Amino acid sequence: MTLFEMNNQTDITEFIFLGFSNHPKLQGLFFLIFLVIYLTALLGNMLIITATRVSPALHTPMYYFLSNLSFLDICYMSTTIPVTLVNFFREKKTISYKGCLSQIFFLVTCAGTECVLLAAMAYDRYIAICHPLQYPVLMNVKVTVFLVTGSWLCGLLNSMTHTVLAATLTLCGSNQISHFLCDIPLLLKLSCSDTFLNESVLHVASATIGLSPCLFTAVSYTLIISAILRIPSAQGRSKAFSNCASHITVVVVFFGTANFNYDRPNVGYNLDMDILVSVLFCVVTPMLNPIIYSLRNKEVKGYLRKLTRDCGFSSEISD
């Protein structure tokens with residue numbers, strides 16, 4: 001550590017985001033794009049939550065999981081986008097040290113919870129398709145609440161561990177973050193203290209909270225698809241596949257963008273590409289989830305048609 005770094009390590013009270021700084025003339029356009037995406041995601045996810053609460057036909061475990069997923073997506077986007085929207089109008093795009101740690105806490109909580117929740121939803125679809133007669137027993141209210149609560153606890157415990165470890169880092173030198181949000185790997189790059197423990201915990205969490213749910217989901221859908229292919233009638237196969245098509249799409253989008261976001265090689269680093277990939281994972285994905293479920297799910301579409309009729313609008317959602 002140099003003398004300058006020793007003097008500067010206690011002076012970092014805020015961080016400067018460099019994300020989107022390469023395009024100063026496009027800040028207004030970026031603001032409009034992010035605002036439209038944010039409002040669309042809020043509206044879509046709130047409609048999903050309202051539908052699962054109001055419509056009796058949606059009072060099932062699958063839609064209980066879906067309402068929690070929508071709530072997660074709202075929290076996920078609200079952790080980063082409001083700060084980003086404000087920074088588009090600021091020449092110096094900053095976030096306080098405490099604000100950065102808070103953003104990391106909520107971001108990691110939502111990401112970890114969603115990984116486990118998607119695995120729980122895959123288990124629900126596995127029971128529904130592979131063991132339909134036992135579904136009411138195996139997926140009763142207690143089991144459903146337990147799976148959702150366990151997902152949140154896994155996310156919270158994982159996030160608390162990372163946030164506490166991040167708070168112990170000695171930061172020195174530059175306070176510039178080459179991104180539009182705070183994340184653990186970005187803080188590790190600014191640390192001049194030993195990060196071995198942080199990195200070790202990060203790898204363990206990636207395997208337990210990230211990779212394990214992904215593999216569990218993949219195995220569940222391998223068994224589901226195998227069971228669907230054994231159904232003799234084409235109509236039966238189509239109906240069974242429609243019951244899990246939305247979730248398969250959401251799983252592929254989430255884990256696909258997450259893997260591309262965190263497991264890309266550092267060779268040929270480009271700030272614009274890094275920002276684009278993170279936008280796909282942190283911003284676009286939460287917006288796509290309600291759209292996917294609305295387009296692929298007859299029960300949700302039925303509620304939305306009823307809602308538009310009650311509000312005096314003509315429905316354009318077709319089967």
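## Close-up views of a predicted model

**View 1. Cys 75 is partly exposed.** Its relative accessible area is 23%. The model is predicted. The closest cysteine sulfur to that of Cys 75 belongs to Cys 110. The two sulfur atoms are 5.1 Å apart, too far for a bond. A disulfide needs sulfur atoms within 2.5 Å, so at 5.1 Å Cys 75 and Cys 110 are not bonded to each other.

**View 2. Cys 130 has no bonded partner at its closest cysteine sulfur.** That closest sulfur is in Cys 244, and the separation is 9.3 Å. This is too far for a bond. Cys 130 is partly exposed, at 23% relative accessible area.

**View 3. Cys 100 and Cys 182 form a disulfide.** A search of the whole structure finds one such bond. The sulfur atoms of Cys 100 and Cys 182 lie 2.1 Å apart. The pair links distant parts of the chain, 82 residues apart. Cys 100 sits in helix H4, residues 97–130. Cys 182 sits in the loop between strand E3 (176–177) and helix H7 (184–190). The torsion about the S-S bond is about -125°, so the disulfide is left-handed. Cys 100 is buried, with a relative accessible area of 0%. Cys 182 is buried too, with a relative accessible area of 0%.

**View 4. The largest nonpolar core has 54 residues.** The residues with the most contacts inside this core are Phe 20, Phe 34, Leu 69, Leu 118, Val 279 and Val 283. Several helices each supply at least two residues of the core. They are H2 (27–54), H3 (61–87), H4, H9 (234–262), H10 (271–296) and H11 (298–310). Another core, of 18 residues, lies apart from it. Among the members of that second core are Ala 166, Leu 187, Leu 188 and the disulfide cysteine Cys 182.

**View 5. Leu 118 and its contacts.** Which residues does Leu 118 touch, not counting residues up to four places away in sequence? They are Leu 69, Thr 217, His 247, Val 250, Val 251, Phe 254 and Phe 255. One of these, Leu 69, also ranks among the residues with the most contacts inside the largest core.

**View 6. Helix H8 bends by about 35° at Leu 211.** A proline, Pro 213, follows within four residues. H8 has 34 residues and should span 50 Å at 1.5 Å a residue. Its end C-alpha atoms are 48 Å apart, which agrees. Buried residues of H8 include Asn 198, Ala 205, Ile 209 and Pro 213. Thr 217, Tyr 221, Ile 224, Ala 227 and Ile 228 are also buried.

**View 7. Ser 220 lies in helix H8, residues 196–229.** Is Ser 220 buried or exposed? At 6% relative accessibility, Ser 220 counts as buried. The cut-off for that class is under 20%. Leaving aside neighbours within four places in sequence, Ser 220 is in contact with Ala 122 and Tyr 126.

**View 8. Three strands form an open sheet in the order E2-E1-E3.** The pairing is mixed. E2 (94–96) and E3 are the edge strands, each pairing on one side only. E1 (residues 14–17) and E2 pair in the antiparallel sense over three bridges. Glu 14 has Ser 96, in E2, as its bridge partner.

Methods: Residues are numbered from 1 along each chain as its sequence is written. This is a predicted model: local features need pLDDT of at least 70, side-chain atom pairs count only at pLDDT 80 or more; totals for chains, interfaces and linings use all residues. Side-chain values use heavy atoms; hydrogens and water are left out. Buried means under 20% relative accessible area, exposed over 50%, partly exposed in between (1.4 Å probe, protein chains only). A nonpolar core is a set of buried Ala, Val, Leu, Ile, Met, Phe, Trp, Tyr and Cys residues joined through side-chain atoms within 4.5 Å. Contact means heavy atoms within 4.5 Å. The expected span of a helix is 1.5 Å times one less than its number of residues. The bend at a residue is the angle between axes fitted to the seven residues ending there and the seven starting there. Two strands pair if DSSP finds at least two bridges between them.
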